[in-house]
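This report is meant for a reader who is meeting the structure for the first time. Please keep the sequence and the 3D view at hand while reading.

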Amino acid sequence: MQDYEYLLSSLNEVKGIGNKTIQLFLKKKIKTIFDLLWHLPISKLETSKTTDIKNLQIGKEQSIKLFPIKYNFPRIRNLPNRINCLSSNEKIDCIFFNSYEGYIKKILPINKEVIVYGKIGFYKGKYQITNPKLISENEDGSIKDLKNYSLTEGLTITKYNKIIEEVLKRIPDLKEWHSKNLLEKFNNVSWKQSIEKIHSYDYKKLENSDYLRRLIFDEILANFLISSQIRLKIKKIKKKRKLFNKNIKFKYFQKLNFELTNDQKNAINDIEKDLNSRERMFRLIQGDVGSGKTIVSLIAALNTIKSGYQVALMVPTEILARQHYFFSSNFFSSDIKIELLSGKVDYLNRKKIIKNLEDNKINLIIGTHALFQKKIIFKKLGLIIIDEQHKFGVNQRKELSDKGGNDCDVLVMSATPIPRTMMMTVYGDMDVTLIKQKPKNRKEIKTYSKLDSKIDEVINFAKKEIANGGQIFWVCPLIEKSKKLDHQSAVEKYKFLQKYFNMRVGLIHGMMDKDDKNKILNDFLKKKIDVLVSTTVIEVGIDFPKANVIIIENANKYGLSQLHQLRGRVGRGDKNSFCILIFKSHLSENAKKRINILKNSNDGFDISEQDMKLRGYGDILGFKQSGIKKFKLADPILHRDLFDLAENEIKKIEKNKSKLGDYYKLLKLYDRASIINDII
Ligand code: ADP
Ligand code: MG
């Protein structure tokens, strides 16, 4: 048996844990001993000293011996359960809010002396203890100070302490996984010592101790290591080199009315090397909105097709799929066969497309996630491009990459810049190319905030811009009016704005029919309408060079990164561009700070970094949807130095390619996704 296996075993192994308790823990997603260890004590309870009833102090938490004598369980909601007790023959009550009768009867059996601990109150001439915790059933033994844990619902605090004590007693001396050098940075404290220490009392007081820092570092390193192992594994699989003439692209560049930026050229260069190499490509192109990622991906597609393979381009929305389809149909000559497959293509057409994919009669297929259904079979898929999919987690990316087969390269493009400290956490499984430069002709977008009551000013401003040849996006959080939310709805705003803009207003949202959507987008592109009212469907990727004003209603609803993305829909042409954020009421100080970040910066990386500092990392970039786990202890803002240290360590391990050594154990313990089972 390996020394770490005890930690991964089920809670059955712990003395004193029965099935009922196991069920309680399972409900809280605690399966193993290792899981349990991460629920840390929140404070120390001074339970060892019992206080005589005469010496109780109101407002303090104290322990007292008492006899329960009578239950009062009112059947009326909101009224607490009250248990009358005696202590040295004086009356005292125990009060329970939100506790089950069964639980109360268990911890306060009638006429049995018990010791309880809790906050002392005084009501109608009597002492009372609210939501007391049971300390002992008076088993004559001495009483210890207990630790207070947050997860004790359904268990007495005594029992929970006993369980943890049992668990800690049996923690094995794990063979150290860190090198000597590294361990010295934490004053050589072992994993076991550290765990024991953080269970000794309020762990937050240990913030700068070597014990806590070592555990935080272990957590970060394990997280990075999993991603890095996936990356190495993907690279180990050898594929056929893709061979193409690097000069073909220049012919296509001539069709563009702009010069590529150096960063775009670098990105194309990185990709060409990857396509050419025998290692599979698994690369992220990270570039702010409007940095010109589309063209980079199309050159990747071109090269792949010219080397005899098919390409799949996956985007998150129908609208974007259509836009990419039109753009690439114009960009490529007719020798490249392009099709659009979205959830809304009708049955017959779909069948035809599927057949043609199988027969290799389609070179480039563009679509939403519908592209990755089982029944879709490629004859010779050589490249998967995923656009704007920052919400994918490590697991999903790996699945996608597996799907393509061994010769298939993967290119992911993201427009959501993330703080540098989070890069490894989110994209550690990929090689990353950054596009930081914006195209030269980009104008800065001026950002303003306006109160909802000043809508007339906003309308006048918009009219002026339209008279100057501009176009307006008008974004609302809801499609239709909601009874629950007091937010602007696109449908209503559309009706409202018609009369102000000579009926040259369009409406688009996710629930509309695809032909209607298409028509509106075309009307907007061709300037048949001046104002496009929409929900956030326009958030991702869409490109309208003539639009130069974006008005965002209920702007406080969105995160900074999302607002920055929305704002990126304008400022793509040669006109001065504006973003107007509309608020219902005056802004709080914190909200003002956040909006100022947006006003003062047009750099997505910078914005995300500052936003993370204000809001914490969990809230930014929709991590919740991404499947990216939250850390238990680590925090990219507080522990930046440890993130950097871990990144360095990973680089060393990667150089040493096949030797994972004792870090294997670290992975085994910390990997909840069980990804590693099939990588090692
Ligand atoms: P994103 O990185 O947000 O996907 P796009 O690829 O949609 O950006 O590009 C935004 C707009 O900028 C498009 O109209 C595109 O044709 C144009 N564009 C791309 N690269 C350049 C460049 N180097 N110079 C000028 N315009 C460019
Ligand atoms: Mg894009």
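## A parallel pair of strands

Strand E17 (residues 505-508) and strand E18 (residues 531-534) are paired in the parallel sense, with four bridges between them. The model in which this pairing is seen is a predicted one. Two of the facing positions can be named: Val 505 has Val 531 of E18 as its bridge partner, and Leu 507 stands opposite Val 533, again in E18.

Strand E17 is covered on both of its faces, with Val 505 and Leu 507 buried on one side and Gly 506 and Ile 508 buried on the other. Residues count as buried when their relative accessible area is under 20%.

## The open sheet

E17 and E18 belong to an open sheet of six strands, which follow one another in the order E15-E20-E19-E16-E18-E17 with parallel pairing. Strand E15 (445-451) and E17 stand at the edges of this sheet, and because each has a single partner strand, one side of each is left without a neighbour in the sheet. On average, and with direction ignored, neighbouring strands of this sheet are turned by 20° against each other.

As background to both this sheet and the barrel described next, strands of a sheet pair through backbone hydrogen bonds, and they do so either parallel or antiparallel.

## The barrel

Another group of strands is closed: five of them form a barrel in the order E2-E3-E4-E6-E5, and here the pairing is mixed. The average turn between neighbouring strands of this sheet is 55°, direction ignored.

Within the barrel order, strand E4 (residues 90-96) and strand E6 (residues 126-136) run parallel and are joined by four bridges. Asp 93 stands opposite Gln 128 in E6.

## The surroundings of ligand 1

The shell around ligand 1 is made up of 17 residues, and the closest of them are Gly 290, Lys 293, Thr 294, Arg 442 and Asp 543. When the residues of this shell are divided by character, four are nonpolar, seven polar and six charged.

Several polar atoms of the protein can be placed relative to the ligand. In the side chain of Gln 264, an N or O atom is 2.8 Å from a nitrogen atom of ligand 1. Backbone atoms take part as well: a polar backbone atom of Ser 291 is 3.4 Å from an oxygen atom of ligand 1, and a backbone N or O atom of Gly 292 lies 3.0 Å from an oxygen atom of the ligand. Of the 560 Å² of accessible area that ligand 1 has on its own, the protein covers 90%.

## Residues in the loops

Two asparagines have a positive phi, although neither is a glycine: the value is near 65° for Asn 89 and about 60° for Asn 360. Asn 89 lies in the loop between strand E3 (81-87) and E4, and Asn 89 is exposed, because its relative accessible area of 72% is over the 50% cut-off for that class. Asn 360 is found in the loop between helix H13 (347-358) and strand E11 (364-367), and with a relative accessibility of 29% Asn 360 counts as partly exposed.

Two further loop residues can be located in the same manner. Ser 209, in the loop between helix H7 (191-198) and helix H8 (210-236), counts as buried at 17% relative accessibility. The C-alpha atoms of Ser 209 and Ile 198 are 9.9 Å apart in space, while eleven residues separate the two in sequence. Asn 406 has its place in the loop between helix H14 (394-403) and strand E13 (409-414), and at 45% relative accessibility Asn 406 counts as partly exposed.

## The chain as a whole

The protein chain has 24 helices and 20 strands. Of its 680 residues, 55% count as buried. Taken along the principal axes, the C-alpha atoms of the chain fill a box of roughly 95 × 65 × 50 Å. Within the chain, Asn 406 and Ile 53 are 353 residues apart in sequence, and their C-alpha atoms are separated by 76 Å.

Terms used
Residues numbered from 1 in each chain as written. Chains lettered and ligands numbered in written order. Predicted model: local features only at pLDDT ≥ 70, side-chain atom pairs only at ≥ 80, totals over all residues. Heavy atoms only, no water. Near = heavy atom within 4 Å. Polar contact = N/O pair within 3.5 Å; in protein donor to acceptor, adjacent residues only side chain to side chain. Areas by Shrake-Rupley, 256 points an atom, 1.4 Å probe, with all protein chains shown as cover. Nonpolar A, V, L, I, M, F, W, Y, C, P; charged D, E, K, R; others polar. Pairing = 2+ DSSP bridges. Axes fitted to C-alpha atoms, helices over the stretch in contact; angles between N-to-C directions. Buried < 20%, exposed > 50% of the residue type's maximum accessible area, 1.4 Å probe, protein only.
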